[in-house]
Amino acid sequence: EDGQTKIAGQPKGEAALVASDPSSGAIRVMVGGRDYSKSPYNRAVMARRSPGSAFKPVVFLAALDSGMVSPSTELIDEEVIFEVEGQQDYRPQNYSRKYRG
């Protein structure tokens, strides 16, 4: 394996990016996908995301800022149970309810 994900020889990954000016809030860059001629779907404005997925970069940045993790920290995808006294245990799950290690 060469480390690249491909379908029939073509890259399959897609992403979106919206970058704003922190001082004014103005949008400076918006990219909605890899190649508009192959997929005119604008992921930056049309894709529906779960709130958890949108919030993950905020949580990870806070962890980076605090020194809790580094960019090379490996995060293990495994079941975690938080015990809260007097309440039902909190068990966050992946959307698929599967863990891939």
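# Terms and values in a predicted model

Visitor: Which residue of β4 is the bridge partner of Ala19?

Guide: The bridge partner of Ala19 in β4 is Val29. The model is a predicted one, in which local features need pLDDT of at least 70 and side-chain atom pairs count only at pLDDT 80 or more, while totals for chains, interfaces and linings use all residues. Residues are numbered from 1 along each chain as its sequence is written, and side-chain values use heavy atoms, with hydrogens and water left out.

Visitor: What makes β3 and β4 a pair of strands?

Guide: Two strands pair if DSSP finds at least two bridges between them. Four bridges join β3 to β4, so the requirement of at least two is met. The two strands run antiparallel. Six residues lie between the strands of this hairpin, and Gly25 takes a positive phi near 80° there.

Visitor: How are helices and strands recognised, and how many does the protein have?

Guide: They are DSSP runs, numbered from the N terminus: helices are H or I of at least four residues, and strands are E of at least two. The protein has two helices and four strands, in the order β-β-β-β-α-α along the sequence.

Visitor: What is known of the confidence in these elements?

Guide: The term pLDDT denotes the predictor's confidence in each residue, from 0 to 100. The protein has a mean pLDDT of 84, with 88% of its residues at 70 or more. Among the elements, β4 has the highest mean, 93, and strand β1 (residues 6-7) the lowest, 56. Where pLDDT is low, the predicted coordinates should not be read in detail.

Visitor: Why is the contact of Glu14 with Arg43 called a salt bridge?

Guide: A salt bridge requires a side-chain nitrogen of Lys or Arg within 4 Å of a carboxyl oxygen of Asp or Glu. The closest N and O atoms of Glu14 and Arg43 are 3.8 Å apart, so the pair qualifies. The pair links distant parts of the chain, 29 residues apart: Glu14 is in the loop between β2 (10-11) and β3 (17-20), and Arg43 is in helix α1.

Visitor: Is Arg43 buried or exposed?

Guide: Buried means under 20% relative accessible area, exposed over 50%, and partly exposed in between (1.4 Å probe, protein chains only). Arg43 has 17% and is therefore buried, whereas Glu14, at 36%, is partly exposed. Buried residues make up 5% of the 101 residues in the protein.

Visitor: How many salt bridges does this rule give, and what are the values for the pairs of Arg28 and Arg91?

Guide: The count comes to three salt bridges. Asp21 and Arg28 meet at 3.5 Å, N to O; Asp21 is partly exposed at 21%, and Arg28 is exposed at 57%. Glu79 and Arg91 meet at 3.6 Å, N to O. Both Glu79 and Arg91 are in the segment after α2 (51-66), 12 residues apart. Glu79 is partly exposed at 46%, as is Arg91 at 44%.

Visitor: Why is the aromatic pair of Phe82 and Tyr90 called stacked?

Guide: Rings of Phe, Tyr and Trp (its six-membered ring) pair if their centres lie within 6.5 Å; planes under 30 degrees apart count as stacked, over 60 as edge-to-face and the rest as tilted. The structure holds one aromatic pair. Phe82 and Tyr90 form this pair, at 6.0 Å centre to centre with 25° between the planes, so both limits are satisfied and the pair is stacked. Phe82 is partly exposed at 44%, and Tyr90 is exposed at 51%.

Visitor: What makes Val45 eligible for a nonpolar patch?

Guide: Patches are made of residues with over 30% relative accessible area and no salt bridge: like charges are joined within 9 Å, and nonpolar side chains (Val, Leu, Ile, Met, Phe, Trp, Tyr) within 5 Å. Val45 lies in helix α1, and its 54% counts as exposed. The patch of about 560 Å² is made by Val18, Ile27, Met30, Tyr41, Val45 and Met46. β4 (27-31) and α1 (43-46) each supply at least two of the patch residues.

Visitor: What is noted about the phi of Arg97?

Guide: Most residues other than glycine have a negative phi. Arg97 has a positive phi, near 60°, and is a residue other than glycine. Arg97 is found in the segment after α2 and is exposed at 60%.

Technical notes. Accessible areas come from the Shrake-Rupley method with a 1.4 Å probe; for residues, only the protein chains shown count as cover.
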